[in-house]
Amino acid sequence: MRARRRLVTAVGAMGATALLLAGCSQDPGEAPAQGGSTGGKAKTTLTVGVFGAFGLQEAGLYDEYMAQNPGVRIEQTSIERNENYYPQLLTHLGTGSGLADIQAVEVNNIAEVTATQADKLVDLAKAPGVDKGAYLPWKWAQGTAKNGATVALGTDIGPQGICYRKDLFAAAGLPTDRAAVGALWAGDWNKYLETGKAYKAKAGAGKAFVDSASGVMAAVTGSSAERFYDAQGKVAYKTNPAVRGAFDLAASFAVEGLSAKLQQFTPAWDQGFSNGNFATVSCPAWMLGYIQDKAGPAGKDKWDVAQAPKPSNWGGSFLVVPKAGKKAEEAAKLAAWLTAPAQQAKLFEKRGSFPSASAAYSLPAVSGAKHAYFGGAPIGEIFARAAEGVPVTVIGPKDLVIAQNLADIGMLQVDQKGRTPQEGWDAAVKAIDNALEQ
Amino acid sequence: MTDETAVLAPSAAGSERPAAEGGDRRQLWRSRRYRWDLRWSPYGFVAPFFLFFAAFGLFPLLYTGWAALHQVELTDPDAMTWVGLRNFTRLWDDAFFWNALRNTFTIGLLSTVPQLAIALGLAHLLNYKMRGSAFFRVAVLTPYATSVAAATLVFVLLFGRDYGMVNWVLSTVGFGPVDWQNGPFASQVAVSTIVVWRWTGYNALIYLAAMQAVSADLYESAELDGASRWQQFVHVTVPSLRPTIFFTCVVSTIGATQLFGEPLLFNGGAGATGGSDHQFQTLGLYLYEQGWVNLHLGRASAIAWAMFLILLLIAGLARLLRRVSR
C-alpha cells in the first residue's frame, strides 16, 4: 500500500522476484487441523495480487477478515515493483487468466485502467457495504470509468509533508520546532527554495538541503489540479505553466547546489538517508515508514515532519475485482471491507498509509495518531490537513510515463549531469514524445 | 521312428508351407518394421524438442513478426491495426534506437574482447598440473553461478558515486571520484565489468575442455624443438582451439546483443531508461522500455526483429570472415 512512484523495499530480492510470485505462506499445521477435524463446509479461497509491501497483510487485515468469516481463506501474491506488476496485470486482464480475485492498481495507472479495462472489471459501487460518501470525492472519481461504473476502490492517498532533520536545521541556525519550520515556507514553494539558500549559507560543504531535485518536482506538481493532461483529457504537459513552473523551480534546487543529486528509490538514495547528507525530503505519508527503515535507529528523534508549503498529493492505490474471477461476488465483498473507513484507519495506524476515505479522519486512530520515530509528530493532523487541501487532480492514462521521464531523464540530467534546465526539459520532452507515440 | 516320421511328415509338410509363408510374411513385416524404425524413430526421438520449439520458440517468433507489422498496445493486445513496415521504417529515424544500438555495440566490445582474452589466459593457467586444480576450476565458475540480479546489485554499490568502494580505492591513489552512473563512457565500462566478471570463468572452462583435447604429442614435439611455454601457447594451443574460440565468439556476440539484466539493474532499479541520458541503454533495454513501460507491443516487436536480423547479419559476416581467413 505504500504507493509510490516506485516501490523498492527489499532491494536485494528485486531482480529475482521480478517474475516470481511470492505466495504468502499460511501458518504451518493450520490447514490440516481445520480440514481434518471439522470436515464441514469447504473454504473459499480468495487471492489478492499486490505490488511491494502493500500493507493489507502486514496490518493484519486478512487475519481479521478470516476470523470474522470462517468460510474464507485469503492468500496474497506480491510482486516487488509496480513496473513489473502492472504490465503483467494488463496481460492477464487481456487473456482473462492468471488473475487474482482482487488486484491492486497504482494511482498513476488508474486512468489507463478505467479507460481501457473497465469492461473487464466489476462495478464495485454496488458491492455490499460500499458508501460513496465516505470517500474523498476526487479519489472516488479517479476509480470511476466513463460509463459510470466505479471499478476501483481507493485504499490510500499520499498527502505530503516535508520531513526534515532537526539536528541539521539547528546546526544551520534554523528553527527546529515543526510549527515554526512549517511557517518558514507556508503557502509558497519558492519560500522552500529560499529556506534552502539560507540553509546552504550556514550548513557548510557536503550537506545538501534536499535529497533530489526530482523529489521537489513531484511534490510541486502534486499540488496543482491540472498537470500532464488538460480537463478535456489531452496531453498538455508541454504547455501547462504549472508543470514547467514545477520543473524550473525544482531545477533551481540543482542549479543553486542545494540538492544531494540522488535518484530516488535507488541504493544510493537509501545510503543518503542513513548517512544523513541531506536535511529535507518531501514526504508523502507512506514515505515515513521508508525513512524509518533506511535511516535506522540512529535517525530516531533526528527526523521530524512539518507541513508542506502547499497541500499536495503523491501516490496512492486502488483495489479492483476482475470479472474473470470465479468468486467475483465474494471478492467484491472483501474489497469493500478492506477499503472501508475503519480498515483504512487501521492501515494508517499500523503502516502509515493515509486513508482515502475521509470518513476515517475523525476516527481516533487517525486524528490522534503520533509518530514516535518523528519526534511524536501528530501525523494524523498534519496529513489530514494536507489531504483536505489537495485539489481534484486531472489524471490521464500516461501520467506515469510522463512523470517518470520528466524525473528520470529531464530533472536527473539537470541534477546529476549539470545540464541547464532548458536542456533537461528538451531531453525529457523528446523522450516523452517518443514514449507516447504509438 | 521312420514310421513316426512318415506319419508326421505329411502333417509336418502340410504345416510347413503355411508356416514358411507366415514366416516369410513375418520376416518381411519385421524387416519392413526394422527399416521404418531405422528411418523414422530418430524423428520420433527428436520430435519432443521440435514440438516444444514450435510452440514456445517458433510461434512466438512468428507472432512477434506479425505484431511488428501492426500498431498494438499492451492495454488491448487483441486490437491490432495493420501498419505494414512502419514500425521498422521509423526505427530509421529513431535517435533512441540508434543510441541503443551504438551502446550495445560498445558495451559488447568492451565486455567480449577482455572477457575472451582473460578466459583464454585463465584456461591456459588452469591447464598446468597443480595442486587443488579441481578447486580452482570450480571457483572460476562461481561468478557464472551467481544470479545477475545479486551480482549487479553488489556492483551498483561498488560503483556508487558517493560511498562506492571503487571510488574510494581511486581516491586513495589520488584520482578524483568518477561518476560511474552518469559518465557515458564510465557507465559503459562499469556495465561491461559486470559482464566480464560473470562470463569469464564460463568461457575459461570451455577453453580448458578444448585444451585438454589437444594431443600431448604436439606439446612434446614443440618442447623438443625448444619452444617456450609462451611459444607453445601461441603456436600450438591457440591454433588448436580455433573452432572453440570461434564458438565462444558467436555465443558471446549473441549474449552481448541481447544484454539486458546488467544495464537494467545497474540503474539501481530506477527503470529501463539506461541512465538519465540513455547512456547505457542497450537494445534489449530499449525493447523492454517500449514494450513494458510504454506498452507499445508493435514497436517492441519491431525492435526484437531488428535485433534478430542484426544477429543474422553478424553471423553472415562471421561466416564470410571464416571463409576468407581459411
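Visitor: How many residue pairs are in polar contact across the interface of chain A and chain B?
Guide: The rule finds 17 such pairs across that interface, with both residues at pLDDT 80 or more. Keep in mind that this is a predicted model.

Visitor: And which elements of chain A touch chain B?
Guide: Those giving two or more residues to that side are helix 1 (14-17), helix 4 (82-95), helix 5 (107-116), helix 12 (267-275), helix 18 (399-417) and helix 19 (421-436) of chain A.

Visitor: Which of them gives the most?
Guide: Helix 18 of chain A does, with 8 residues on the side that touches chain B.

Visitor: What's the mix by class on that side of chain A?
Guide: You get 16 nonpolar, 17 polar and 11 charged residues there.

Visitor: OK, salt bridges. What's the count between the two chains?
Guide: The count between chain A and chain B is 3. One pairs the side chains of K417(A) and D277(B), at 3.9 Å from N to O.

Visitor: How much area gets buried between chain A and chain B?
Guide: About 3300 Å², and carbon and sulfur atoms give 50% of that. K417(A) turns up again here: together with N434(A) and Q438(A), K417(A) supplies 19% of the area that chain A buries against chain B, more than any other three residues.

Visitor: How many residues does each chain put into the contact?
Guide: Chain A puts in 44 residues and chain B 40.

Visitor: Let's pick one residue. Where is T266(A)?
Guide: T266(A) lies in the loop between helix 11 (241-255) and helix 12 of chain A.

Visitor: Is T266(A) buried or exposed?
Guide: T266(A) counts as buried because its relative accessible area is 6%, and the cut-off for buried is under 20%.

Visitor: What does T266(A) touch over in chain B?
Guide: Leaving aside residues up to four places away in sequence, T266(A) touches N267(B), G268(B) and A270(B).

Visitor: Switching to strands. How many residues of strand 9 of chain A are buried?
Guide: Strand 9 covers residues 313-320, and 8 of its 8 residues are buried.

Visitor: How does strand 4 of chain A pair with strand 9?
Guide: Strand 4 (residues 102-106) pairs with strand 9 in the antiparallel sense, over 4 bridges. For instance, A104(A) stands opposite L319(A) of strand 9.

Visitor: And how many bridges join strand 5 to strand 9 of chain A?
Guide: There are 5 bridges between strand 5 (residues 152-165) and strand 9, and these strands run antiparallel. Among the partners, A152(A) bridges to V320(A) in strand 9.

Terms used
Residues are numbered from 1 along each chain as its sequence is written. Chains are lettered from A and ligands numbered from 1 in the order in which they are written. This is a predicted model: local features need pLDDT of at least 70, side-chain atom pairs count only at pLDDT 80 or more; totals for chains, interfaces and linings use all residues. Side-chain values use heavy atoms; hydrogens and water are left out. Buried means under 20% relative accessible area, exposed over 50%, partly exposed in between (1.4 Å probe, protein chains only). Two strands pair if DSSP finds at least two bridges between them. Contact means heavy atoms within 4.5 Å. Buried area is the accessible area (1.4 Å probe) that two parts lose on being put together, summed over both. A salt bridge is a side-chain nitrogen of Lys or Arg within 4 Å of a carboxyl oxygen of Asp or Glu. A polar contact is a pair of N or O atoms within 3.5 Å; within protein, one must be able to donate a hydrogen and the other to accept it, and residues adjacent in sequence count only if both atoms are side-chain atoms. Ala, Val, Leu, Ile, Met, Phe, Trp, Tyr, Cys and Pro count as nonpolar, Asp, Glu, Lys and Arg as charged, and the others, Gly among them, as polar.
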